[in-house]
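User: I have a structure to study and some questions about its helices and strands. Can we take them in turn?

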Amino acid sequence: MHRFWTVPEVASIACLQLSRRDCARLARAHSAIWDCVVHLIWAKVPRISCLSNLLPDVGFRGYDALSTQIPLTERQWTRFDIHAKFIKDLKVEVQGHDALVFMMLQKLWAQRPSGSPRSFFHTIKHLTVVLPDTSSTLSSANEWSLLFSDTLLSFNLTFRIVAWAGESEENLVPCLEALRTCSPNLQSMTLQVGGMSSLTEPCTQLVVETIRALDNLTSVGLDFTPFLPPRVVDEVLSTHQLSHIYMGTVNGEAHQEEALTARPTPQTPTDVGLSGAPATMARLLKSIDPSAVRKVVAKDSGLQMWRSFGTSAETLLDALGRFSELEKLEFDLIIESFSTLLPLQNSFQRLVYLSIGPSSLARGWISQQTLPELAALLPRIEELRILADELDMPIVSLPTLQCFAVSCPHLHKLGIPIIAEGATGTGDIQPHPSIQEVDFRHSTVDKYSDAEVVARTVASMFPSLISFSYIGEDDIGMDSDDSNGYLWEDVAGALVQILPGIVVSVPDDRTIGSFGDFFSDVLKMP
């Protein structure tokens, strides 16, 4: 082993550049490196079932083990205690094998002698819990308290109401009670409730009271299905001054008596996310001070998508036009024409990131004429994503795309559905100096085009390209039995030969403004 690995400061810096798997190999290679990498290996645990490896004397092979497992001695807990203290970020999904592991941990922890830590993870900072259906695994405040600690900074709960809300809430109520008691320093809380019915009024009020009781909250996300009552939004926004706000499925039109009220002290967040009826989202945006807002996500929930034409969508876009300091904007609304976007001219001037969702029906207003006009509205844009519906035929050709790209000199990432026609190979092509990632999902290749010529054209347009994404199966407009039906695969293969080191991927994610990633940058791992 090289001598520099024995210097802890140098080894720690080197290990930060390695993957989790490589860190684990290093830890096994030499005891001198163990202290430098163990906190990196266990900092983020994607599944609670990973912890079963820390209790080698326990059999996690079936629910029968719950009744036959004998209590562990403190010596048998040693490995768990050594490693669990490094866990900072954990996801618990209460189903399948993960549910079995969690139930076994609950039982074994309850059998530990008094004086043991109250919580499994007394140093945890970020916790995500997914309850896909009614579960008896987390039905009391004591069971929830095993997950919570006073070090917890962010908590995300995805909860599904299966049938009658009152029965399913047997899991949610103790969760909220334990959260208030065990994690008073919480800074970020997101609660996503889905299913066939709404939360009962008492449980909804408990959510509000829990948010009020957590004095350190700066980020709140609520997404209730079928709708989030505007009254709840009002009460939450009047409780704390928040830096990050996400309110999902806000539907004011369903309950007109619950109108949003004006607040004497407007919220001054940096990030705002909204999902719901466009008119209600517009009223919410107008109640927020735009001076500090740097990111907005607005998504029509689909509950009243047919009403989004005309004044509703235009009202929302008018409200967005107030945010002149925006740097990131994502919206998924029905856009009737390019002129509908003109109220956003002020908001576009400072944008470095713009994402337009599939509901915008981009095929109807993105064209050879309007694409240069869009470029003129985005002088600072660095990343642009236009997501098309799977059934939309893309109409932007490679020459049109090149004209747009060179008009946006700061672009680094570009995602747009195209039709790969008009490819010339190299020819008279002006290369873009900075685009490193392109995403051509839901694009087509003209069946008479040469894949290698298309690849040379793309490589000439974007010589700095390091990442290329596409969807190659069942290309739009191609017959399933056509030998050219997978031309994008041939294009990608040719690109690998032309640009060595390029990364090719076939993504399947079409979400925009998704609840799960809205708070991904709120709290950084220390």
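User: At roughly what angle do the axes of helix α16 and helix α17 cross?

Analyst: Keep in mind that this is a predicted model. Helix α16 covers residues 451-461, and helix α17 covers residues 487-498. Their axes come within 8 Å, and they cross at roughly 55°.

User: Is α16 roughly parallel or oblique to α17?

Analyst: The axes cross at roughly 55°. Angles under 35 degrees count as roughly parallel, and 65 to 115 as roughly perpendicular. The crossing fits neither range, so α16 is oblique to α17.

User: How many charged residues does the contact of α16 with α17 have?

Analyst: On the α16 side, the contact includes Glu452 and Arg456. On the α17 side, Asp490 is one of the residues met. By class, the contact has 10 nonpolar residues and no polar ones. The charged residues number 3.

User: Is α2 roughly parallel or roughly antiparallel to α3?

Analyst: Helix α2 spans residues 20-29, and helix α3 spans residues 31-42. Their axes come within 9 Å and cross at roughly 150°. Angles over 145 count as roughly antiparallel. Therefore α2 is, relative to α3, roughly antiparallel.

User: Which class do 9 residues of the contact of α2 with α3 belong to?

Analyst: From α2, the contact takes Arg20, Cys23, Ala24, Leu26 and Ala27. From α3, it takes Ile33, Trp34, Val37, Leu40 and Ile41. There are no polar residues and 1 charged residue. The other 9 are nonpolar.

User: Which residue in β11 is the bridge partner of Phe331?

Analyst: Start with strand β10, residues 328-332, where 4 of its 5 residues are buried. Strand β9 pairs with β10 in the parallel sense over 5 bridges, and there Ala298 has Phe331 as its bridge partner. β10 also runs parallel to strand β11, joined by 4 bridges. In β11, the partner of Phe331 is Ile356.

User: Which strands are the edge strands of the open sheet with the order β13-β15-β17?

Analyst: This open sheet has 3 strands, with parallel pairing. An edge strand here pairs on one side only. That describes β13 (396-397) and β17 (444-445).

User: Which residue in β15 stands opposite Ser397?

Analyst: Strand β15 covers residues 418-420. β13 and β15 pair in the parallel sense over 2 bridges. Opposite Ser397, in β15, stands Ile419.

Methods
Residues are numbered from 1 along each chain as its sequence is written. This is a predicted model: local features need pLDDT of at least 70, side-chain atom pairs count only at pLDDT 80 or more; totals for chains, interfaces and linings use all residues. Side-chain values use heavy atoms; hydrogens and water are left out. Buried means under 20% relative accessible area, exposed over 50%, partly exposed in between (1.4 Å probe, protein chains only). Two strands pair if DSSP finds at least two bridges between them. Axes are lines fitted to C-alpha atoms, for helices over the stretch in contact, and angles run from 0 to 180 degrees between N-to-C directions. Contact means heavy atoms within 4.5 Å. Ala, Val, Leu, Ile, Met, Phe, Trp, Tyr, Cys and Pro count as nonpolar, Asp, Glu, Lys and Arg as charged, and the others, Gly among them, as polar.
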